[in-house]
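Trainee: Could you take me through one part of this model in detail? I would like to look closely at the charged side chains and then at what surrounds the annotated site.

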Amino acid sequence: MKTIYNIGIHIIGFVLKIISVFNHKIRLGVLGRKGTFETLKKNISQNDKTLWFHCASLGEYEQGLPVFKELRKDYPKHKIVLSFFSPSGYEIRKNTDIADVVVYLPIDTKANAKKFLDLVHPELTIFVKYDIWPNLLIELKKRQLRAILISALFRDNQIYFKSYDCFIKNALFAFQHIFTQDSNSKSLLNKINYNQVTVSGDTRFDRVFNQLEQNNTLDFIETFKNDKLCIVAGSTWPEDEAYLVHFINQLQSNEVKFIIAPHNIKDAQIKKLKQSINKKTILFSEIKNASLEDFQVIIIDTIGLLSKIYSYGDIAYVGGAVGKTGLHNTLEPAVFGIPIVIGENFKHFPEAIHMTKNNGMFSIQNTDNLKVILNLLIKSKVKRKESGQKNLNYIKKNTGSVIQIMSFIRT
């Protein structure tokens, strides 16, 4: 398996270079990885004390951020290296103040692993959730460098738990400790005789709960909302938007405001969405000098505002579960104590399963379902309050993961 993996990883690197000619996102990663070692050489010396944080993408970065912030405070004299594999993480957080150096993780060849660790030489390494790269992790273990995995979530069909695969499985044993989101993940690790495990829960709960302590004020949203009931639709895809637009267009009342923050903010998609709505609609990029209170719909054609925008919602709709793209972050609106509506494809999202069973979240299968649920929530302030409070209580109940992780690191 080791030989097959190492041959395969070289082939993958080659294939990515070919595909990058035709795919902008992959091209960003391929070009970015070319500069990784040079960036590290310029910014890290052999005398520096360092920490290394690795996240596959933006979601894992947000998940690990509460821990990263605590480590930043605990190790003020250390340089922090933050690596991403995906451009969707690197391109958005390449200027984050949580790290001194932000780079793309190189392809996981044995040579790259040795060179990367020669340059970074971390005293502590934190991986978030997954993105288990065997050559890097086994090299960490050979050098007896401390590494932990946080917010891990495993399934029994993953390769780590197959009896025939020793090389990939051994990568997990490079971690001094693994903090899992649930007891099932712990049981799976125990079955392969990995026992340095703690069920600490998901650090995302701590992350979103901290949002309540932030300044979430957005003056343009306050003006737009104008004290009316507001439905915030976040991270929507075309499948979600088809349902939402159908509801918006048939709604008779002008007393309900809608904020739509699409996942895809490319010009063509935004233009198509705006043209499909027959209510008075404005884009975020058009709001300068506009009388926002006169509009019923605003489309957010930028990134980075959604977590604050949810604070203005009376009802949230979270995209991704109507189609098969994957449900987006439902914890962000939940922390503001509002009911949430999603599509039907959410079986791989534990938090959505819990909140729907708890009647704080509502799953819809078609436009008729959406109409029934939204009309119920619009008309009943009591229902909105009860459902929203259940979501907030769920968040509160599941915080505390960061405390457990930091307690272990500090010992």
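Which residue's side chain meets that of glutamate 139 in a salt bridge?

Mentor: Happy to, and please keep in mind that this is a predicted model. The partner of glutamate 139 is arginine 143, with 2.9 Å from N to O. The two ends differ in their surroundings: glutamate 139 is buried because its relative accessible area is 11%, under the 20% limit, while arginine 143 counts as partly exposed at 29%.

Salt bridges that share partners also build a network, which joins Glu70, Lys73, Asp74 and Arg410. Within that network, the side chains of glutamate 70 and arginine 410 meet at 3.3 Å, N to O. This pair ties together distant parts of the chain, since glutamate 70 sits in helix α4 and arginine 410 in helix α19 (residues 401-410), 340 residues apart. Glutamate 70 has 23% relative accessibility, so it counts as partly exposed. Another salt bridge brings together lysine 94 and glutamate 91 at 3.2 Å, N to O. Here lysine 94 is partly exposed at 36%, and glutamate 91 is partly exposed at 28%. In total, the structure holds 15 salt bridges.

Now to the annotated site. An unreviewed UniProt entry marks Glu60 as "active site". Glutamate 60 lies in helix α4, which spans residues 58-74. With 8% relative accessibility, glutamate 60 counts as buried. Leaving out residues up to four places away in sequence, glutamate 60 touches Cys55, Val128, Lys129 and Tyr130.

Histidine 54 belongs to strand β1 (residues 50-55). Its relative accessibility is 0%, so histidine 54 counts as buried. The side chain of histidine 54 makes a polar contact of 2.6 Å with that of aspartate 131. Among the other residues that histidine 54 touches, again not counting those up to four places away in sequence, are Ser83, Phe85, Val128 and Trp133.

Two further strands are worth a look. Strand β2 (residues 79-84) runs parallel to β3, and four bridges join them. One of the pairings sets valine 81 opposite its bridge partner in β3, valine 101. Between these strands the chain passes through helix α5 (residues 87-93), making a right-handed β-α-β crossover. Within β3 (residues 101-104), Val101 and Val103 point one way, Val102 and Tyr104 point the other way, and all are buried. That pattern fits a general rule: in a regular strand, side chains alternate between the two faces of the sheet.

Conventions. Residues numbered from 1 in each chain as written. Predicted model: local features only at pLDDT ≥ 70, side-chain atom pairs only at ≥ 80, totals over all residues. Heavy atoms only, no water. UniProt positions renumbered as here; feature names shortened; annotations may be inferred. Helix = DSSP H or I, 4+ residues; strand = E, 2+ residues; numbered from the N terminus. Buried < 20%, exposed > 50% of the residue type's maximum accessible area, 1.4 Å probe, protein only. Contact = heavy atoms within 4.5 Å. Polar contact = N/O pair within 3.5 Å; in protein donor to acceptor, adjacent residues only side chain to side chain. Pairing = 2+ DSSP bridges. Right-handed = clockwise from strand over helix to strand, strands pointing away. Salt bridge = Lys/Arg side-chain N within 4 Å of Asp/Glu carboxyl O.
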